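Please open the structure in your viewer, show it first as a plain backbone trace, and keep the selection tool at hand. The tour goes from the whole chain to its interior and then to single residues.

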Amino acid sequence: MPGLLRVATAGSVDDGKSTLIGRLLHDSKAVLADQLQAVTSASRSRGYAETDLALLVDGLRAEREQGITIDVAYRYFATPRRSFVLADTPGHVQYTRNMVTGASTADVAVVLVDARTGLTEQSRRHSAIADLLGIRHVVLAVNKMDLVDYREDVFDEVVAQFAQVCDSSWCAIPISALRGDNVVSLSSQTPWYAGLPLLTHLEELALPEAPAPGGRFAVQLVIRPRTPEHRDFRGYGGRVAAGTLNVGDEVVVQPGGWQTTITAIDTYDGPKRSATTGQSVVVSIADDLDAGRGAMLSTGAPGTVTSAASATVCWMTDTPLEPGARYVVRHTTSESRAVVEAVDSRLNVSTFGSEPAESLALNDIGSIRLRFADPLVVDRYRDSRATGGFVLVEERSGATAGVGLVESLS
């Protein structure tokens, strides 16, 4: 049975993201009777002619009142063949930051496009973000096919537009989230479509292994219980950020650069011989070393200890990002102050080309250079999503200002 698949929706507002997730949940029998009754009643009270399945996802009162998605909504469901985590992300430009949040952990992005309008600037921006975040597969869902009489030439035109902006592994499916065409079952309305319905495609999708230069374990805390039973115990608690750790592996403890060996891996379920990406464990090593919070235990090719990096940034705040600005960088379990040395370029979401820039405004995507006050242990994002990404935080307010993806190291 394939493993868990994390799916994020993307696309412009009103392209039908919430309706699609509602349709997936409803047609795959993942909606409880009382939930469906509540949504049916809400739809009837608003005078809708049919049940609005988007209400299954739009949980906030403001979302339901306005018919839009504001926050990221997560839904969990399983079919006999696979388990899914669905992230319904907002389409409005001002909530692009929430889309980045929802897509940051996704394996697959479903980019919805209204068949009547084709790609919009926001759907282009979301496609660019999905590509930058290293999402391993994209599904172009050409929605609202019922409103264009299920015409193949309309579908082909949207596919041709998307081919010009997407470099990831991708496929295209003509759907009507409202009517359920090609969502869970193939539709008789599109006899010219030879592919799979969306749910079957997601159930059967085999993704390539996520890139990882080696095992990566960022120390979250040092565990020294000092109880009579564990008087001399010292372990390092945290989560495996990438790759696999095994008892007996030689590791490099960075930024110090000391070499040692893993002697034990403990979990909530008891000792294990190995741990892999995403598992929270306690690691013991052969030597007593200075490895506090923020230290990185690396197997294979170690990460780079650096005080400067070039990165692609998605900017999320009204205050422009400009050279000389200072922020706090949060990377794995590390934290450092940083200064923006330069803004090199901005992505033109219409042409997908870079253009010169001196600053980045809200929702801009661009290339910058940073210098850190304290050295960080990082990888390039293309080599490791977990250890190549970081967050920029405003020093005074503590608000998230932007997310960064390390492109090159100094």
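Begin with the whole chain: a compact globule of 410 residues would have a radius of gyration near 22 Å, and the protein chain has 23 Å, which agrees; this radius is taken over C-alpha atoms, and the globule rule is 2.2 Å times the number of residues to the power 0.38. This is a predicted model, in which local features need pLDDT of at least 70 and side-chain atom pairs count only at pLDDT 80 or more, while totals for chains, interfaces and linings use all residues. Residues are numbered from 1 along each chain as its sequence is written, and side-chain values use heavy atoms, with hydrogens and water left out.

**The whole chain**

Turn the model along its principal axes, and the C-alpha atoms fill a box of roughly 70 × 50 × 40 Å. Colour by secondary structure next, and eight helices and 22 strands appear; these are DSSP runs numbered from the N terminus, with helices (H or I) of at least four residues and strands (E) of at least two. With a surface displayed, the chain exposes about 18700 Å², of which carbon and sulfur atoms supply 47%, the areas coming from the Shrake-Rupley method with a 1.4 Å probe and, for residues, with only the protein chains shown counting as cover. Buried residues make up 52% of the 410 residues, where buried means under 20% relative accessible area, exposed over 50%, and partly exposed in between (1.4 Å probe, protein chains only). Among contacts (heavy atoms within 4.5 Å) between residues at least 6 apart in sequence, 69% join residues at least 24 apart.

**The domains**

Now colour residues 4-204 as domain 1, 216-299 as domain 2 and 304-409 as domain 3, bounds that come from an automatic or database domain assignment. The C-alpha centres of domain 1 and domain 2 lie 40 Å apart.

**The cores**

Select Ile129, Leu133, Ile135, Leu140, Val142, Met145 and Phe162, which have the most contacts inside the largest nonpolar core, a set of 37 residues. Such a core consists of buried Ala, Val, Leu, Ile, Met, Phe, Trp, Tyr and Cys residues joined through side-chain atoms within 4.5 Å. Among the elements that give two or more residues to this core are strand 1 (5-11), helix 4 (96-103), helix 5 (121-132) and strand 22 (400-409), while helix 6 gives the most, with five residues. Domain 1 and domain 3 each supply at least three residues to this core.

Which residues touch Leu140, once its neighbours within four places in sequence are left aside? Show the side chains of Val111, Val113, Val158, Val159, Phe162, Trp170, Cys171, Ala172 and Ile173, and the contacts of Leu140 are in view. Apart from this core lies another, of 25 residues, including Phe77, Leu86, Val110 and Tyr193.

**The cysteines**

Select Cys171 next, which is buried, with a relative accessible area of 18%. The closest cysteine sulfur to that of Cys171 is in Cys166, 10 Å away and therefore too far for a bond. Cys314 is also buried, at 8%, and the closest cysteine sulfur to its own, again in Cys166, is 17 Å away, too far for a bond. The structure holds zero disulfides, a disulfide being a pair of cysteine sulfur atoms within 2.5 Å.

**Backbone details**

Most residues other than glycine have a negative phi, and most peptide bonds are trans. Move to the loop between strand 5 and helix 6, where Lys144 lies; Lys144 has a positive phi of about 65° although it is not a glycine, and at 19% relative accessibility it counts as buried. Asn363, in the loop between strand 19 (353-356) and strand 20 (365-378), has a positive phi near 75° and is buried, with a relative accessible area of 6%. Then find the loop between strand 10 (250-254) and strand 11 (258-267), which holds Pro255; a cis peptide bond joins Gln254 and Pro255, with omega about 15°.

**Last stop**

Finish at Asn246 in strand 9 (residues 244-246), and ask whether this residue is buried or partly exposed. At 28% relative accessibility, Asn246 counts as partly exposed. Not counting residues up to four places away in sequence, Asn246 touches Ile262, Ile265, Arg273 and Ser274, whereas Phe233, 13 residues apart from Asn246 in sequence, is 19 Å apart in space, C-alpha to C-alpha.
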